[in-house]
Amino acid sequence: MKAFLLREYNHKMSLEEREDPVPGPTEIILRVRACGVCGTDLKIISGKIPPSIVTLPHTPGHEIAGEVVAIGSAVTDVKIGQRGIVYFYIACKDCEMCRTGKENVCFSIKRLGFELPGGFSELVRLPAYNFCPFDEEKPLTEMAVLPDAVATSYHALKTMADVKAGQDVMIMGIGGLGIHAIQIAKLMGARVFAVARREEPLQLATEQGADFVINSSEESSSKKVMELTKGRGVDVVIENVGSAQSMSWSLPCLKRRGRLVIVGYDPLNPYPLNPMEMHYNEWILCGSRVSTKQELLEVIDLVERGRIKPIVYKLLPWEKANEAIDELKSRRGIGRTVLTF
Ligand SMILES: [Zn+2]
Ligand SMILES: [Zn+2]
């Protein structure tokens with residue numbers, strides 16, 4: 001098979017011939033048909049993810065859709081030829097987190113495209129458990145973005161923020177995740193404030209149902225949010241950027257007892273908290289990490305029922321993976337680029 005390999009940080013990946021993977025008894029082999037390109041792939045390629053997680057040479061790619069071409073001897077519920085997407089978090093199934101339904105924070109998690117080879121490759125090996133089949137009619141190029149861009153926003157809003165109908169929700173950062181967060185927050189009955197630094201993503205945010213859009217390069221987001229909420233602030237902020245600058249804009253938008261959910265992160269620039277502000281406002285801060293497999297299955301259902309529409313900005317032949325990474329670096333795009341095979 002052919003696969004992209006990152007041999008040196010901050011260099012282009014090289015397309016190389018590799019040995020075909022062979023499934024273990026409980027594993028399957030997927031022929032990749034589509035793979036989303038995520039901001040985290042750029043972090044990996046730039047060497048911002050510690051070497052304890054990503055070791056070189058490495059094949060990135062964690063939004064994988066494809067068809068089953070081989071199954072292990074003990075696999076009974078997956079068939080050759082089946083199409084589906086990949087829940088890319090491979091959990092141990094037997095630690096405290098796994099046993100209490102929180103496999104996304106398993107103590108010994110391994111992920112395709114991070115600790116393990118990912119989907120910028122013709123074939124990928126994974127446990128049969130991690131394969132999520134779906135309605136044959138849905139295009140693989142759209143379904144590919146569900147495991148991260150859609151399910152991550154679903155977990156953040158539903159489980160970590162526990163959004164209730166009528167609440168005010170601010171989505172900070174409108175990219176692959178933010179655009180789906182708007183749809184999901186609307187589906188939950190929230191009033192949605194979308195914040196970004198450029199006009200194009202904000203236009204898309206309006207099309208996807210955002211009630212208010214704020215261009216943070218032109219006006220102060222906290223001032224505008226306070227104006228629109230009569231001085232109270234929003235119940236929930238979904239922080240998709242997670243840079244020190246963006247945190248300094250989003251935190252002051254929170255209502256007292258409001259909850260800020262940190263989805264995006266900038267590994268090299270931590271944000272200093274003011275404990276007195278936290279105390280006076282009783283603000284709740286939490287992280288949010290991808291989703292459980294159950295949540296991904298719920299997202300597949302919602303997409304099949306037409307309640308969430310996966311938004312793909314651009315399709316590129318997979319041989320052009322380096323081009324997709326360059327585009328992310330230059331911040332020209334809006335939302336997900338998907339590589340097609
Ligand atoms: Zn991602
Ligand atoms: Zn575990």
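Helix H4 spans residues 146-160. In this predicted model, H4 has 15 residues, yet its end C-alpha atoms lie only 18 Å apart. A straight helix at 1.5 Å a residue would reach 21 Å, and H4 falls short of that. Twelve of the 15 residues of H4 are buried, so the helix is largely enclosed by the rest of the structure. The buried residues run through Leu146, Pro147, Asp148, Ala149, Val150 and Ala151, and on through Thr152, Ser153, Tyr154, His155, Ala156 and Leu157. Just after H4, aspartate 162 takes a positive phi of about 50°.

H4 packs against helix H10, residues 293-304. Two packed helices are described by the angle between their axes and the distance between the axes. For H4 and H10, the angle is about 100° and the axes are 9 Å apart. An angle of 65 to 115 degrees counts as roughly perpendicular; H4 and H10 are therefore roughly perpendicular to each other. On the H4 side, the contact is made by Leu146, Pro147, Val150, Ala151, Tyr154 and His155. H10 contributes Glu295, Leu296, Val299, Ile300 and Val303. Nine of the residues in this contact are nonpolar, one is polar and one is charged. The H4 residues named in the contact, Leu146, Pro147, Val150, Ala151, Tyr154 and His155, are buried.

An open sheet is formed by six strands. Their order is E12-E11-E10-E13-E14-E15, and the pairing is parallel. Strand E12 (212-215) and strand E15 (284-287) stand at the edges. Each has a single partner strand, so one side of each is left without a neighbour in the sheet. From one strand to the next, the twist averages 20°. Helix H6, residues 199-207, packs on the sheet. H6 touches strand E11 (191-196) and E12, and its direction makes about 175° with that of E12. At the E15 edge, the partner is strand E14, residues 254-262. Four bridges join E14 to E15, and the two run parallel. Valine 261 stands opposite cysteine 286 in E15.

The loops on either side of E15 each hold a residue with unusual backbone geometry. Most residues other than glycine have a negative phi, and most peptide bonds are trans. Glutamate 282 departs from this, with a positive phi of about 50° although it is not a glycine. Glutamate 282 sits in the loop between helix H9 (275-281) and E15. This glutamate has 10 other C-beta atoms within 10 Å and is exposed. Valine 290 has a positive phi of about 45°, and it is not a glycine either. Its place is the loop between E15 and H10. Valine 290 counts as buried, with 23 C-beta neighbours inside 10 Å.

A cis peptide bond joins leucine 56 to proline 57, with omega near -5°. Proline 57 lies in the loop between helix H1 (39-45) and strand E4 (63-71).

Lysine 230 belongs to the loop between helix H7 (221-228) and strand E13 (234-239). Lysine 230 is exposed, with 7 other C-beta atoms within 10 Å. Lysine 230 and tyrosine 280 are 50 residues apart in sequence. In space, their C-alpha atoms are 19 Å apart.

Methods: Residues are numbered from 1 along each chain as its sequence is written. Chains are lettered from A and ligands numbered from 1 in the order in which they are written. This is a predicted model: local features need pLDDT of at least 70, side-chain atom pairs count only at pLDDT 80 or more; totals for chains, interfaces and linings use all residues. Two strands pair if DSSP finds at least two bridges between them. Axes are lines fitted to C-alpha atoms, for helices over the stretch in contact, and angles run from 0 to 180 degrees between N-to-C directions. Two residues are in contact if their C-beta atoms, placed from the backbone, lie within 7 Å. Angles under 35 degrees count as roughly parallel, over 145 as roughly antiparallel, 65 to 115 as roughly perpendicular and the rest as oblique. Ala, Val, Leu, Ile, Met, Phe, Trp, Tyr, Cys and Pro count as nonpolar, Asp, Glu, Lys and Arg as charged, and the others, Gly among them, as polar. The expected span of a helix is 1.5 Å times one less than its number of residues. A residue is buried if 20 or more other C-beta atoms lie within 10 Å of its own, exposed if 12 or fewer, and partly exposed in between; C-beta atoms are placed from the backbone.
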